[in-house]
Amino acid sequence: MNEDMTVAKPLATCIPQEQSLHNVQLAHAYVPFQKLCNTFRPLDGFRKGTIFPELYDVYGWERKGREDDCDDE
Amino acid sequence: MMNRDELLKIISVLDFYALDLQLYLNTHPTDRDAIQKYNNVVKRAKELREEYERTYGMLTPQNISDSPWRWIENPWPWQYKFNFDLEGDECNVDL
């Protein structure tokens, strides 16, 4: 039995939105801190290369098809 | 009883899941949900690894051995026929 059969949370809620950034510095990166949300089922995560949906497809490969077709950029 | 390929595939899949959670836990050591998920998957993978090794011999040589010592037996991970393909969904478990 899967103890934590939680209902999948909507992806949009998975990335904590910074309310406001104070004294933002030049040449500094601001990366939202990941909070565990949903995970792919193990075989899907294995195929996709990550178990975290919010980290998958960051570069939109799925939409552009699998091959490395950079010409349509 | 799963065959060798199915067992090997699900062990690899669960190990990957555990590894990704390890990376998450390295930066989120107090996330209880993540630790719970991690313990679930590690427990499952351990059970399946023991089942695999009872039937097909060692996956890693750091285990108690019967006689003869089977670590030297084929197949090896780099041998093509030892690998599985990712078709199908049968190893997609809910944790």
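Helices here are DSSP runs of H or I with at least four residues, and strands are E runs of at least two. Keep that in mind, and remember that this is a predicted model.

**Exercise 1. Get to know chain B.**
Work out what secondary structure chain B has, and how its residues and surface are laid out.

*Solution.*
Step 1: Count the elements. Chain B comes to two helices and zero strands.
Step 2: Check the dimensions. The C-alpha trace of chain B spans about 45 × 35 × 25 Å along its principal axes.
Step 3: Look at burial. Of the 95 residues in chain B, 35% are buried.
Step 4: Look at the outside. Chain B has an accessible surface of about 6,200 Å², with 54% of that belonging to carbon and sulfur atoms.
Step 5: Ask how far along the sequence contacts reach. Taking contacts in chain B between residues at least 6 apart in sequence, 61% join residues at least 24 apart.

**Exercise 2. Describe how chain B meets chain A.**
Find how many residues take part and how much area the two chains bury.

*Solution.*
Step 1: List the players. On the chain B side 25 residues are in contact with 20 residues of chain A.
Step 2: Put a size on it. Interface size is often given as the accessible area lost when the parts come together. Here chains B and A bury about 2,100 Å² between them, 60% of it on carbon and sulfur atoms.
Step 3: Turn to the polar side. Nine residue pairs are in polar contact between chain B and chain A, counting pairs with both residues at pLDDT 80 or more.
Step 4: Add the charged pairs. There are two salt bridges between the chains. One of them pairs A:K35 with B:D31, where the closest N and O atoms are 3.9 Å apart; that fits the salt-bridge cut-off of 4 Å.
Step 5: Trace this side of chain B back to its helices. Both α1 (4-27) and α2 (32-56) of chain B supply at least two residues each to the side that touches chain A. The largest share, nine residues, comes from α1(B).

**Exercise 3. Place B:L25.**
Is B:L25 buried or exposed, and what does it touch?

*Solution.*
Step 1: Locate B:L25 in helix α1 of chain B.
Step 2: B:L25 has 15% relative accessibility, so it counts as buried; the cut-off for buried is under 20%.
Step 3: Skip the neighbours within four places in sequence. B:L25 is then in contact with B:D31, B:A34, B:I35 and B:Y38. You've met B:D31 already, as the salt-bridge partner of A:K35.
Step 4: Try a longer reach. B:P77 is 52 residues from B:L25 along the chain, and their C-alpha atoms are separated by 29 Å.

**Exercise 4. Hunt for unusual backbone.**
Find which residues have a positive phi without being glycine, and which peptide bonds are cis.

*Solution.*
Step 1: Know the background. Most residues other than glycine have a negative phi, and most peptide bonds are trans.
Step 2: Check chain A. A:N23 has a positive phi of about 25°, and A:A27 has one of about 55°. A:N23 sits in the segment before α1 of chain A, and A:A27 lies in that segment too.
Step 3: Add accessibility. A:N23 is exposed because its relative accessibility is 63%, and A:A27 is exposed at 87%.
Step 4: Check chain B. A cis bond joins B:S67 and B:P68, with omega about 5°. Another cis bond joins B:N74 and B:P75, with omega about -10°. B:P68 is in the segment after α2 of chain B, and so is B:P75.

Notes. Residues are numbered from 1 along each chain as its sequence is written. Chains are lettered from A and ligands numbered from 1 in the order in which they are written. This is a predicted model: local features need pLDDT of at least 70, side-chain atom pairs count only at pLDDT 80 or more; totals for chains, interfaces and linings use all residues. Side-chain values use heavy atoms; hydrogens and water are left out. Contact means heavy atoms within 4.5 Å. Buried area is the accessible area (1.4 Å probe) that two parts lose on being put together, summed over both. A salt bridge is a side-chain nitrogen of Lys or Arg within 4 Å of a carboxyl oxygen of Asp or Glu. A polar contact is a pair of N or O atoms within 3.5 Å; within protein, one must be able to donate a hydrogen and the other to accept it, and residues adjacent in sequence count only if both atoms are side-chain atoms. Buried means under 20% relative accessible area, exposed over 50%, partly exposed in between (1.4 Å probe, protein chains only). Accessible areas come from the Shrake-Rupley method with a 1.4 Å probe; for residues, only the protein chains shown count as cover.
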